[in-house]
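Please open the model in your viewer and keep the sequence panel visible, since each stop on this tour begins with a selection.

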Amino acid sequence: MIDIVVVLRAEDAVLDFLSVLTDDGGGETRVILADRAETLILGAGMEAPERLALIASHVGLVTDDITSPGPEVVATLLRQAAAGGPFRIWTHSPADNRRSRGRLGRDTALARDADAHAEDSDADLTRAELRHAVGFSPYLQVLSDLDRPLGREHIAAKLDFVNGSCGHLLAEADPEFVVQTPRVPAIERFFDTDPDQRERLFALLASLDDEAASVVDPWEFGSSPYEERRLDATAAWVRERCADVGSGSGSGSGGTLVEVGACEGALTHRLATAGFTVRATEPNAAFRSRLAAALAGTDAVTVDGAGLAELAKEDAPRATAHLLIEMLYYGQDLALLDDLATDLVFVALEPDALASRVRPWLERSATWRADEETVLVPPQLETVCAGRAYLSKRGSVGLLLRRTNG
């Protein structure tokens, strides 16, 4: 049985897969270095120090072009490494917060799953067992299927490897590639996963881009008890505060809202049901398509792709309020709020982000004042991805901003 270890860079093979490289079975191991599209052959008779020395010779400097080569290239490298014999595949977690490793973990699984039987190889990748390393996971606790505690000898070998061959990475500024204590685990943990869990783990760690939108409802707004409470509380907060402004009816009916970054419409649907007319804006095309489909036939909702910057430039009718709900995490210029066509802005964020992003700006603002602050939901631990992992949902605090010169 050949063990094939697919890693982004050479040091990853030792930091996360030392137990595979030094398995007492003594079989052959092949290490695919994805950043080089190169395979190292660690023969069955090769002792551990010799194996680590070979890997150490391939540890390089950090450059700007380090990335996964994609599923097709990985599939070719896997077929070549398998050499027609039985093999197992080990690689990074698709939920590795170091996005370059997460992509490679996902790409390796995609390469394995898509390979029915290549004409140019005797290897059928789909038959191979594949395990992901939990690795460094500061945001998720991933349930593992195989744990391998390392003894003192193995830990000493890891530390010697790092100090002798990765010294420059101990002082690396890039968080993707710096080597710190949590990235040198004393217990190497591995898990198996199915395609749906894999894609959800990958999307969950993405930002607001096409990778996050690669699955429907990546943040599980439709299935998470925490998210359901948060969305219900947010909708109730908006309804209660906008009742008098919107129509005087006390029901929220008749108010016009602009929801910025509506994603797939989980909150939009609640607002429309409460009687509001909603302009739901979503810059991401995949999310916007799902948003439009989910709200199709709802006369009170219009959908477009405007972002915060575009909304600030518009000469639009004044809205009852603009909603910036759980979306000011990505470095937006808060000065844009001054030019929104409204006198009310609802902001919701987790407490630390509210303190670091919004409060300093608000203290300097001559345009906005905080009318109200309310805890929408407290923090909670919750499972995600069909129970494969769990994480801390950080809570949500609502801040109602009123224009001072409106």
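**First stop: a leucine and its neighbours**

Select leucine 311 and display what it touches: leaving out residues up to four places away in sequence, these are Val258, Val260, Arg279, Thr281, Ala306, Asp339 and Leu340, where contact means heavy atoms within 4.5 Å. The model is a predicted one, in which local features need pLDDT of at least 70, side-chain atom pairs count only at pLDDT 80 or more, and totals for chains, interfaces and linings use all residues. Residues are numbered from 1 along each chain as its sequence is written, and side-chain values use heavy atoms, with hydrogens and water left out.

Leucine 311 belongs to helix α11, residues 308-313 (helices are DSSP runs of H or I with at least four residues, strands runs of E with at least two, numbered from the N terminus). With a relative accessible area of 4%, leucine 311 is buried (buried is under 20%, exposed over 50%, partly exposed in between, using a 1.4 Å probe and protein chains only).

**Second stop: a glutamate in a strand**

Move next to glutamate 188 in strand β8, residues 187-191, which is buried at a relative accessible area of 1%. Among the residues that glutamate 188 touches, not counting those up to four places away in sequence, are Val14, Phe17, Leu146, Arg148 and Lys158.

**Last stop: a strand residue with partial exposure**

Finally, select tyrosine 390, which lies in strand β16, residues 389-393, and counts as partly exposed at 36% relative accessibility.
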